[in-house]
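Please open the model in your viewer and keep a selection panel at hand. The stops below say what to select and what is there.

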Amino acid sequence: MTDQASAPELKTWLGHPRGLATLFFTEMWERFSFYGMRALLILFMAAAAKQGGLGFTDKTATAIYGLYMAGVYLTSLPGGWIADRLLGQQQAVWYGGIIIALGHFTLAIPRKETFFIGLILIVLGTGLLKPNASAMVGDLYPEGGARRDAGFSVYYMGINLGGFLGPLVCGFLGQKVNWHYGFAAAGVGMVLGLIQYRVTIRYLGHAGRGVLSRVQDAATEMRSRRRGWLALALGLAVLGVLTALGYLGVIDYHPHALAVWSGFAILACGLGFLAWVFSRGELSARERRRLLALAILLLVQVLFWAGYEQAGSNFNLFAERYTQLSVFGWSFPASWFQSENSLLIIVLAPFFAWVWIWLGRRNLDPSTPLKFALGMVFMGIGFLVMTGAAWVVVAGHKALPTWLALTYLLHTIGELCLSPVGLSATTKLAPRGYGGRMMGAWFLFLALGELLAGLIAGRFSAHDVHDMPHIYLTIAAAGIGVGGLLALFARPIQRRLIAARPGSEIEYDAAR
């Protein structure tokens, strides 16, 4: 007789465990809500009050955008800890989704006072849901191997399907009907994801159901859990008090200054952690060399994301203000450009996976540092394209949509060269016993890149476009320069620090 507890595991979906469909659609709807709201965020903040926006200056709006995006990645660290020690991954995803939906519906309230509360809720909820949904995908494949990699590839398609649809739906409603309808649509998307998650959660079986225990004694474990809940309650209380003091005017938060000092704090924490592991981690000589190589890659990715993430801030404003938003007489919202990246990844990711495998079989697969270099160069070339678009604007004309479309194509190619490879390199180069913490360091430096992106976007002035070509050209030169320098030293880094065999790269689809 078949045990009912294990019966769900016998069902399959596209040749994979049925639980993959549960996580696929949960993540699809979560990304629908995330990218749908993100497509509107900077436009809503920068729009004049008479247009229903908040009327923030570009410098303020882009700083808030950078802080929000950085917060999303930073909270994935405590979100993983909460799941491991207190809730379990299944419950963490459920409660995270609820908090995300509440955040979007809070943004849908047409009151300026609720805006920051909505952003905070989305950040907290995403930190709970995002890392734990991805972790459960791996738990569905205890045997590992190629089938697990294929499962992550399918899951990655769900992420990008949601990222493609969200800006189309939420962007249209937000820009063509009412900003708050767009935010509400993002909340509805998350609710749909929660409904299907609850209805099909049984197909996850035991994946993500348990809570990690570090001790054998039940009483000691209970005390540990109580301390964990107390620490969580204390952290939320501090966040609540700081938020309340801001609303009461006791603390005057300046978004730009807060972003700058937060950036310094993240950089200090990241470098301090790497230095501590290097000096006190009891590493072998080979592990030290690999850690040094990983540190180089982590710093390079900061620069990449600082340029790449202009998509949701500066490029979004460029599309709204300086781009012809009509095709054959039909006008479309500027936010629709935000769907291009996800569409391109759906189309190009399988091709890139095939190319790396094809090159690897011929011992021609580029090394990890060289792939990072390619990512930086493509990012820089994208900004060269934007320099041309900026000169069109300076001449008094609106740029054609093809300028932004080509830039997004180049940046997506850069992302596919760098992001999946970076996650793989982090798992491969991390010293023994530091794998999870090094993955946390990856997201820590990614958050720094998001902050820097917001600060760079704040350098552009809505009232004087003449500086625009120079800023774009400077970013292009920095990206191509860093990429060229990394390419020049790619072979020494690979041989002396990484010391990996040719063709031994491990590919992994990044869950953005």
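## Stops along two helices

Start with α8, where Glu221, Gly228 and Thr243 are buried. Keep in mind that this is a predicted model.

Now select α3 (76-87) and α5 (115-139) as well: the buried residues of α8 pack against these two helices.

Next, show the whole of α8, residues 218-248. How far apart should its ends be, at 1.5 Å a residue? The expected span for its 31 residues is 45 Å, and the end C-alpha atoms are 45 Å apart, so the two values agree.

Step just past the end of α8 to Gly249, which has a positive phi of about 85 degrees.

Move on to helix α7, residues 179-200. Select Thr200, which lies in this helix. Is Thr200 buried or exposed? Its relative accessible area is 11%, and because buried means under 20%, Thr200 counts as buried. Leaving out residues up to four places away in sequence, Thr200 touches Arg18 and Thr22; add both to the selection.

For the last stop, select Phe105, Val188, Val191, Leu192, Ile195 and Val199, which make up a nonpolar patch on the surface. Together these residues have about 470 Å² of accessible area. Which helix gives the most to the patch? Helix α7 does, with five residues.

Within that patch, pick out Val188, a residue of helix α7. Val188 has a relative accessible area of 42%; this value falls between the cut-offs of 20% for buried and 50% for exposed, so Val188 is classed as partly exposed.

Note on methods
Residues are numbered from 1 along each chain as its sequence is written. This is a predicted model: local features need pLDDT of at least 70, side-chain atom pairs count only at pLDDT 80 or more; totals for chains, interfaces and linings use all residues. Side-chain values use heavy atoms; hydrogens and water are left out. Patches are made of residues with over 30% relative accessible area and no salt bridge: like charges are joined within 9 Å, nonpolar side chains (Val, Leu, Ile, Met, Phe, Trp, Tyr) within 5 Å. Accessible areas come from the Shrake-Rupley method with a 1.4 Å probe; for residues, only the protein chains shown count as cover. A salt bridge is a side-chain nitrogen of Lys or Arg within 4 Å of a carboxyl oxygen of Asp or Glu. Helices (H or I, at least four residues) and strands (E, at least two) are DSSP runs, numbered from the N terminus. Buried means under 20% relative accessible area, exposed over 50%, partly exposed in between (1.4 Å probe, protein chains only). The expected span of a helix is 1.5 Å times one less than its number of residues. Contact means heavy atoms within 4.5 Å.
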